[in-house]
Amino acid sequence: MYRKLLSMFLVIVIAFSLVACAKPGRTQQNPNNDPATTQAGNNNENQPPEEVKKPVEYTTYTEVYSSELSTLNYLSTTATAVAVLGGLCVDSLVEHDQYGIMRPCLATHWEVSDDATVYTFHLKQGIMWYTCDGDEYAELKAQDFVAAAEWILNAANASKVANTWYNNIAGAKEYYDGETTDFSTVGIKALDDYTVEYTLLQPVPYFLKMVSNNVWFPAQADFLAECGEKFGTSNDTLLYCGAYILKTFEPEYQRVLEMNENYWNKDIISIRAIKYKYNKEASANGPELYLRGETDKVSLGTDIIEEWKADPELWKQVHRAQYTNMSYWMAFNFNPTYEEEYAPNDWLTAVNNTNFRKAMFYAYDRYAATMTLDAYTYQEKVLNTYTRPGLVTVGDTDYLEMSGLDEYSKQANLFNADEALKFKEAAIAELTGKVTFPIQITMPYNVSNNATTKRVQVVEQQMEGVLGTDFIDIILIGYSGSSFNAEVRNPGKWSMIELGWGADYADPMSAFDPLLVTSIGKNWGCIYLATEYYDEALGYGTFEKMALEANAIVNDLAARYEAFAAAEKFLLDEAFVIPAYKSAGGYQASKLDPFSGWTSQMGEYGLRKLKGAVVMDHSMSLEEYAQAQAAYIEARTQARLAAAEAGK
C-alpha cells in the first residue's frame, strides 16, 4: 500500500504564490500554470492584475573566478562549483524554492512504500534534452536516471559520489565492488518511460532531500554511452534539460550560460545570460573589477573594507553576505605521502598522540585566523564545532546543543594557550625518543586566494608562537589553484591543511562524508587510521563506528541526531579536527537580490542559486538589505507555516 504525497505539494505551490508578492523587487509569476495557484494569485487584492502581466525584463549576470573546473561531469565529483553548474543545466526530481520548501521538479508526484524503502517517482512528460547549440536531442525518460546511476556505480569511472549510492541503494555496493555485473540487481528501475523506482537498503529519513542533489541527476542514456569517457569534458559533451545551456566553455577564459528558451519553468527566470570570466587574481582584483563593471559581485575582505567605508558612494553599495552550508576546519593527515625530507614518520607518530593533537587544538586561535577573512564580523564566523549551526533541529533544539556538544558550540573561542602548553609538555614526555623535535608540519595552501595566503601565514606565526619552534615547525608550501586538490589534497601530500565541506543533504551523515572511509574520507586525512582507536576487523575506528551506528537509527530523528552529536563530541574530545569558521558571511557588493534565487534544502545556510535569481540595477546598502531581509523572513515564515499545515 502506498502513501500519496502529491496533495501536500499542491498546497505548498498555493502557499508559495500567496506569499510571493511579499518578496522585495520581484513579481512572482505562476511557474507551473497551476489553476489552483492562479486562482490564489487572483484572490490577492494587494497584487494588481497589470503587475502579474508585466513582461519580464531580462538581464545578464557576470562573475569572475580564479580556479578552473577540472571537469563538467556532474556525475563524477563533489566539487561545489561543478554541482552549482550542474544544477543550472540539469534538473532534479525535486527542488527547493526560494524559501527552502521542497517542490516537484522533474517529478510531478511520487509514492513511498509503507516500510519507507521504495520510492516511485512519476516524471513530467515532454521535458526535452538539448545540445549546447540549443538543438533538441531527445525526450527525458526514466531510463536516463538509470543510465546515470550505472555510470556512477561503474568503479572504472572513479566517481567521487558513488558512495552516496552504494551506502543507500539496495544492490549498489555489490555492483560497484564487481560481485555482480548484472545492473538489474541494483535498486533503481525504469518501470516505464515516465516512472523511476528506487529501492533503499533501509529507510532513509532524508531521501527526498537527497535526490535534489547532483548525485541523483539524470544523464541521457544514448548520449552518455556515445560520449564514454569524454562525457562532461566540454560543453558539447553534455546535454541540458535545466534552466540554462552552457553555450561557451573556454578554460581559463570564460564560461557563458544562456537561458534555455524551452525550459518548462521558464517563467521564474529573468537572467538571460550568466557569464563567468577567468581572472587569475580575482580574489585580489575583485573590487577593482567590480568598480569597472566587469563583475556584478565582489566579496570585500579586511584589506579593502576601510577604504570603502571612507567613501560614502562606495559604502552605500555594501551589504552583508549570507552564510553558506560550508564549514571549514584544520585537518590532520593520518596517512602522509610527502617527501622524506619533511620526516613524515615523525609526523605520523606525533599525530597519533592524543596530547600532541590537543596541544595543536588549543593553540589554534580562531579569531586571529578568521580576521584575515573579515576583521568586522570574525567573531560570528568562527566555529567551535565541526558541523555548522542550523543543519538539523529537533523542535527548537539545534543539533549542536545535543549530547554535550554545547560544551563546544556555546564557547566564543576554544583557543587556550595555557591548555595548549599543558598538553605540549605531556606530548613531549610521551614522544621523546620516538621522534625528533621540532615536528615538521607541512601545510600546503592555494596561492590563488589572497585571504588564504594571509591566513596560513597567521596560523604559522600564531601556533608556533604559542607552542614554540622547539616543538613544531610549520612549513608553508604554495600551489596553484587549478592543481591543488588533484596534486596535493587528495594524494595526502600534507600534514595539516585547511579543508571545507558543505553537506549535500540536511543530515549529519552528509556533513561527516569527508571523515569516513565508507564515504570520501580516504582523500581527506584518513582519520579512520588513527592507531588509538583503529579496529582492523572493521577497517576503521571508533568515530566511524559511532557515525554508522547513528546512521542506522532511522525511525527516531531525536535519537538519530543525539547519536550523531555524541560521535561529533568524541571527534572534538579527541582533537581529530580543529574547527575553524563558517563559509561566507562578512560584506559584499553584489547586484543580485540576495533573497531571490531558489535555494538548497538547508535554507538560511544553504547555497542560494542563480536559478530564479534577480539582478538589480544597484547593490543594496546595509539599510536596504535589513529591510529586504525582514520582508523575506516574514514571507518565508508564512510559506513554511502553510507547508507545515498542509503536511498534517
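How many bridges join β14 to strand β23 (residues 587-590), and in which sense do the two run? The tour reaches that pair after a look at the whole chain.

**Before selecting anything**

The structure is a predicted model, in which local features need pLDDT of at least 70, side-chain atom pairs count only at pLDDT 80 or more, and totals for chains, interfaces and linings use all residues. Residues are numbered from 1 along each chain as its sequence is written, and side-chain values use heavy atoms, with hydrogens and water left out.

**The whole chain**

Show the protein chain as a cartoon: it has 24 helices and 23 strands. Helices (H or I, at least four residues) and strands (E, at least two) are DSSP runs, numbered from the N terminus. Colour by burial next; 57% of the 648 residues count as buried. Buried means under 20% relative accessible area, exposed over 50%, and partly exposed in between (1.4 Å probe, protein chains only). With a surface displayed, the chain exposes about 25900 Å², of which carbon and sulfur atoms supply 48%. These areas come from the Shrake-Rupley method with a 1.4 Å probe; for residues, only the protein chains shown count as cover. Contact means heavy atoms within 4.5 Å. Among contacts between residues at least 6 apart in sequence, 71% join residues at least 24 apart.

**Stop 1: the sheet β14-β23-β15**

Select 297-300, 587-590 and 319-320. These 3 strands form an open sheet in the order β14-β23-β15, with antiparallel pairing. The edge strands are β14 and β15, each of which pairs on one side only. Two strands pair if DSSP finds at least two bridges between them. Here is the reply to the opening question: β14 and β23 run antiparallel and are joined by 4 bridges. To find the register, pick Lys297, which stands opposite Ser590 in β23. Now add helix α10 (residues 282-291), which packs on the sheet and touches β14 and β23. The direction of α10 makes about 135 degrees with that of β14. Axes are lines fitted to C-alpha atoms, for helices over the stretch in contact, and angles run from 0 to 180 degrees between N-to-C directions.

**Stop 2: β16, β22 and Met443**

Select strand β22 (residues 577-584), where 7 of the 8 residues are buried. Strand β16 (residues 323-332) pairs with β22 in the antiparallel sense over 6 bridges. In this pair Met330 stands opposite Ile578 in β22.

From Met330, step to Met443, since the contacts of Met443 beyond its neighbours within four places in sequence are Met330, Val456, Val459, Ile474, Ile475, Leu476, Ile477 and Met496. Met443 lies in strand β19 (residues 439-446). Is Met443 buried or exposed? At 1% relative accessibility, Met443 is buried. A distance label from Met443 to Gly478 should read 8.7 Å, C-alpha to C-alpha, for two residues 35 apart in sequence.

**Stop 3: the helices α22 and α23**

Select α22 (residues 542-551) and α23 (residues 557-573). The two axes come within 8 Å and cross at roughly 170 degrees. That makes α22 roughly antiparallel to α23; angles under 35 degrees count as roughly parallel, over 145 as roughly antiparallel, 65 to 115 as roughly perpendicular and the rest as oblique. Show side chains at the contact: α22 contributes residues including Phe543, Met546 and Ala550, and α23 residues including Ala563, Phe564, Ala567 and Leu571.

Stay on α22 and pick Glu549, which forms a salt bridge with Lys545, the closest N and O atoms being 2.7 Å apart. A salt bridge is a side-chain nitrogen of Lys or Arg within 4 Å of a carboxyl oxygen of Asp or Glu. Glu549 and Lys545 are 4 residues apart in the helix, a separation of about one helical turn. Glu549 is partly exposed at 44%, and Lys545 is partly exposed at 40%.

**Stop 4: other salt bridges**

The whole structure has 20 salt bridges. One of them joins Lys141 and Asp193, with the closest N and O atoms 3.5 Å apart. Lys141 sits in the loop between β8 (136-139) and α5 (142-152), and Asp193 in the loop between β9 (188-192) and β10 (195-199), so the pair ties together parts 52 residues apart in sequence. Both are partly exposed: Lys141 has a relative accessible area of 23%, and Asp193 is at 42%.

Next, select Asp177 and Lys173, a salt bridge whose closest N and O atoms are 2.6 Å apart. Finish at Asp91, Glu95 and Lys611, which are linked in a network of salt bridges.
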